[in-house]
Amino acid sequence: MTGAAASAVVVGVILGRAPVFLTGGGVLLLLVLIGFVAGRRSPGPDAPPVTRTALARIEDLRATNGESADVPVEFRLTVAPEPADGRPAYRVVIDQHINLVDIPAYRPGGTAVVEYRPDEPWEVRIVTRPTPEWSRRAEAAEIDSAPASTLVENPGLGEGSWCVLVLFAFLAGAALVVLLFRGELFASDDAAGPASERPAVTSSASASASVSASVSRTFTTSTTVSGPSSLLVPGRMRETVTELAERAGTSDVTALTVQERRMEIRGDSARPPAETLHVQMLPYELFPALVREARTTLGVRTPQSWRIDVAPDPGAWQGVGPRVRVTVTGDEGTAHLDADATARIVERRPVAKAG
């Protein structure tokens with residue numbers, strides 16, 4: 001759940017999908033709250049573990065360090081439970097700190113008093129200060145070695161295995177969310193790659209040329225982006241028109257049309273400069289704001305589509321420059337607004353009211 005929630009937050013930010021982001025963030029906050037509440041709860045009193053006292057034969061011992069008074073020693077023991085416990089003798093390997101002064105009392109073949117847990121027989125501890133009765137029994141007892149096949153070990157998962165399991169579960173949850181949105185993620189990531197790898201699924205271009213005293217050329221070049229990605233994404237319009245201009249071989253065109261996922265340029269080299277526009281000089285960064293303005297202020301309550309038409313307009317609106325028209329269509333009808341070369345709105349034509 002944590003991996004899926006964290007991945008949903010990242011995917012929501014990349015795709016600009018508020019519901020995905022809020023869902024992932026909400027689940028993360030819920031998990032943090034659950035962990036906080038669980039950590040604040042005081043655990044109930046645990047019953048002390050049941051232990052049994054027994055004798056054990058020291059098969060072997062090895063000190064692993066000698067830098068302090070209490071030396072860690074690895075013991076190989078044969079534990080001989082009492083007959084009343086109903087358990088046969090078995091072998092076990094334990095690590096226990098023994099005071100440096102007491103180490104000579106433990107030797108291979110000797111007998112020690114130990115405590116073990118019947119439910120977890122690998123939990124064995126040497127009793128360094130046994131009672132007089134158990135001391136006498138240890139001195140008089142002779143314990144046979146148990147077969148090596150009776151060695152008892154902790155069957156639980158180690159810390160390394162648990163960490164690998166947690167990491168695998170985290171990555172699996174994150175991968176699940178990425179797979180659910182793989183189409184949108186790969187479609188919206190096209191701007192990072194070279195132009196030849198961007199997801200333009202359809203493109204068309206037509207050109208005609210006639211040769212007389214001078215050469216003229218007309219062309220129409222368009223491209224359609226795939227997936228849910230929109231040309232309103234910041235930077236997408238300028239990148240797309242640059243690609244179209246490179247394909248057409250010129251940045252001087254007679255018309256530009258932009259829709260949700262389609263852009264088209266048209267040109268005619270026979271036109272004078274006053275009747276053309278340079279596509280690289282248009283304020284594409286301001287066009288999304290014009291679209292939002294048209295969709296929200298022109299009386300189209302349920303906008304279904306929008307379109308931007310840019311064409312040369314010499315001498316219009318107290319200057320020379322292109323005319324930008326944003327058209328919005330919905331159930332209520334069609335409306336549009338006009339703007340100048342700086343994206344300043346100069347005219348609005350809302351939906352005509354019925355009656």
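Start by selecting Arg-52 and Asp-85, which form a salt bridge in this predicted model. Their closest N and O atoms are 3.6 Å apart. Colour by secondary structure and the pair is seen to link distant parts of the chain. Arg-52 belongs to strand E1 (residues 52–63), while Asp-85 sits in the loop between strand E2 (70–80) and strand E3 (90–99), 33 residues apart. Arg-52 is partly exposed, at a relative accessible area of 33%. Asp-85 is partly exposed too, at 29%.

Next, select Arg-62 and Glu-74. The side chains of these two residues meet in a salt bridge, with 3.6 Å from N to O. Because Arg-62 lies in strand E1 and Glu-74 in strand E2, the pair ties together parts that are twelve residues apart in sequence. Switch on the surface to examine the two partners. Arg-62 is partly exposed, with a relative accessible area of 47%. Glu-74 has 18% relative accessibility, under the 20% limit, and therefore counts as buried.

Now go to Arg-344 and Asp-340. These residues form a salt bridge whose closest N and O atoms are 3.2 Å apart. Arg-344 is partly exposed, with a relative accessible area of 45%, whereas Asp-340 is buried, at 10%. From there, select Arg-57, Glu-59 and Arg-91, which are joined into one network by salt bridges that share partners. The count for the model comes to 21 salt bridges.

Leave the charged pairs and select Leu-30, Leu-33, Ile-34, Phe-36 and Val-37. Together they make a nonpolar surface patch of about 480 Å². For a single residue within the patch, pick Ile-34, which is found in helix H2 (residues 18–40). Ile-34 has a relative accessible area of 48% and is partly exposed.

The pocket is the next stop. The largest pocket has a volume of about 360 Å³. To centre the view on this pocket, select Ala-105, Tyr-106, Thr-111, Ala-112 and Ala-138, the closest to its centre of the 17 residues that line it. Then show strand E4 (111–116) and helix H3 (132–140), each of which supplies at least two residues of the lining. Colour the lining of the largest pocket by residue class: its residues divide into eight nonpolar, five polar and four charged.

After the pocket, select Asn-154, in the loop between H3 and helix H4 (159–180). Asn-154 counts as partly exposed, at 49% relative accessibility. Add Pro-121 and draw a distance between the C-alpha atoms. Asn-154 and Pro-121 are 33 residues apart in sequence, and their C-alpha atoms are 8.7 Å apart in space.

For the last stop, select Thr-327 in strand E13 (residues 321–330). Is Thr-327 buried or exposed? At 14% relative accessibility, Thr-327 counts as buried, because the limit for that class is under 20%. Add Pro-350 to the selection and draw a second C-alpha distance. The C-alpha atoms of Thr-327 and Pro-350 are separated by 10.0 Å, and the two residues are 23 residues apart along the chain.

Key
Residues numbered from 1 in each chain as written. Predicted model: local features only at pLDDT ≥ 70, side-chain atom pairs only at ≥ 80, totals over all residues. Heavy atoms only, no water. 1 Å grid on protein atoms, 1.4 Å probe; cavity = no way out; pocket = protein on both sides within 12 Å on 5 of 7 lines; lining within 4 Å. Points joined across faces, edges and corners; volume = space filled by probe spheres on them. Helix = DSSP H or I, 4+ residues; strand = E, 2+ residues; numbered from the N terminus. Nonpolar A, V, L, I, M, F, W, Y, C, P; charged D, E, K, R; others polar. Patch = residues over 30% accessible without salt bridge, like charges linked within 9 Å, V, L, I, M, F, W, Y side chains within 5 Å. Areas by Shrake-Rupley, 256 points an atom, 1.4 Å probe, with all protein chains shown as cover. Salt bridge = Lys/Arg side-chain N within 4 Å of Asp/Glu carboxyl O. Buried < 20%, exposed > 50% of the residue type's maximum accessible area, 1.4 Å probe, protein only.
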